[in-house]
Amino acid sequence: MNNYEQFYPLAMSYKEFDIKIPDINETKLEEIGIAEDVGHLSPGTFPVPAFPVHGILYGLNCRLMVPLTFQRYQKPDFPILNVWCLVSTASPFTCLTKKTLEALLGAGTVVGRTFFSCAVQDKNTRIECQVSKGNFENVNILGMDSLRQLELSLNINWQGSRFELIRN
């Protein structure tokens, strides 16, 4: 039982969770990274301050896409990488693709594991990241669990097709 299920026993389990996101995949994450000059899975550093972080509204579905820095929690020798994520209020979970997790943790580390602890935007944060699966196996999702834990809000500039993740 993970922390979310412990505090919210009637909530949907990760095993039951699925969401269809057909317009985002690893190729799109790389394309967005190139277009925005922040390469997907490129080396990163933890910014000071950690927030705000600037993202874009992508495509006809106005997907909230944001580059965040990730590292395995409390493992300073592991790489810090820029990871393009979809901010999804429809997801109670934060999920990373197998490709992203293996870039962060090393090849073969994802097999048989359901979640990993990662630092996001600040080496002292600890976020539980599930392994993306099913209809979203090729999408990194920043879910409501992380938005809540990090105390983040969205500030959307509709005309500019941009947004910020800001700390409350």
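Which residue forms a salt bridge with Arg63, and how far apart are the closest N and O atoms? The legends below take this up, along with a few other views. This is a predicted model, in which local features need pLDDT of at least 70 and side-chain atom pairs count only at pLDDT 80 or more, while totals for chains, interfaces and linings use all residues. Residues are numbered from 1 along each chain as its sequence is written, and side-chain values use heavy atoms, with hydrogens and water left out.

**View 1. Arg63 forms a salt bridge with Asp23.**
The closest N and O atoms of Arg63 and Asp23 are 2.7 Å apart. A salt bridge here is a side-chain nitrogen of Lys or Arg within 4 Å of a carboxyl oxygen of Asp or Glu, and by this rule the count comes to four. Arg63 sits in strand S3, and Asp23 in the loop between helix H1 (3–7) and helix H2 (26–35), so the pair links parts of the chain 40 residues apart. Helices (H or I, at least four residues) and strands (E, at least two) are DSSP runs, numbered from the N terminus. Arg63 is buried, with a relative accessible area of 19%, while Asp23 is partly exposed at 21%. Those words have cut-offs: buried means under 20% relative accessible area, exposed over 50%, and partly exposed in between (1.4 Å probe, protein chains only).

**View 2. Two more salt bridges join Lys99 to Glu30 and Arg162 to Glu36.**
Side chains of opposite charge can pair when their charged atoms come close. Lys99 and Glu30 meet at 2.7 Å, N to O. Lys99 belongs to helix H3 and Glu30 to helix H2, 69 residues apart. Both count as partly exposed, Lys99 at 40% relative accessibility and Glu30 at 34%. For Arg162 and Glu36, the closest N and O atoms are 2.8 Å apart. Arg162 lies in strand S10 and Glu36 in the loop between H2 and S1, so this pair ties together parts that are 126 residues apart in sequence. Arg162 is partly exposed, with a relative accessible area of 40%, and Glu36 is partly exposed at 24%.

**View 3. Strand S10 pairs with S2 and with S9.**
Two strands pair if DSSP finds at least two bridges between them. S2 (residues 53–58) and S10 (residues 162–167) are antiparallel and share four bridges; here His54 has Glu164 as its bridge partner. On S9 (residues 152–157), six bridges lead to S10, again in the antiparallel sense, and Asn157 partners Arg162. S9 and S10 make a hairpin with four residues between them, and Ser161 in the turn has a positive phi of about 55 degrees.

**View 4. Leu165 is one of the best-connected residues of the largest nonpolar core.**
A nonpolar core is a set of buried Ala, Val, Leu, Ile, Met, Phe, Trp, Tyr and Cys residues joined through side-chain atoms within 4.5 Å. The largest has 30 residues, and those with the most contacts inside it are Val66, Leu68, Phe70, Val87, Leu96 and Leu165. Elements giving two or more residues to this core include S2, strand S3 (63–72), helix H3 (98–105) and S10. A second, separate core of 16 residues includes Phe17, Ile19, Ile21 and Val139. Counting contact as heavy atoms within 4.5 Å, and leaving aside neighbours within four places in sequence, Leu165 touches residues including Phe51, Pro52, Val66, Leu142 and Leu154.

**View 5. Thr97 is buried, whereas Thr45 is exposed.**
Thr97 is in the loop between strand S5 (94–96) and H3, with 1% relative accessibility. The side chains of Thr97 and Thr100 make a polar contact at 2.9 Å; such a contact is a pair of N or O atoms within 3.5 Å, where within protein one must be able to donate a hydrogen and the other to accept it, and residues adjacent in sequence count only if both atoms are side-chain atoms. Thr45 is in the loop between strand S1 (42–43) and S2, and its relative accessible area is 60%. Beyond neighbours within four places in sequence, Thr45 is in contact with Thr69 and Ile80.

**View 6. Two peptide bonds are cis, from Val48 to Pro49 and from Phe51 to Pro52.**
Omega is near 0 degrees for the bond into Pro49 and near 15 degrees for the bond into Pro52. Pro49 lies in the loop between S1 and S2, where Pro52 is also found.
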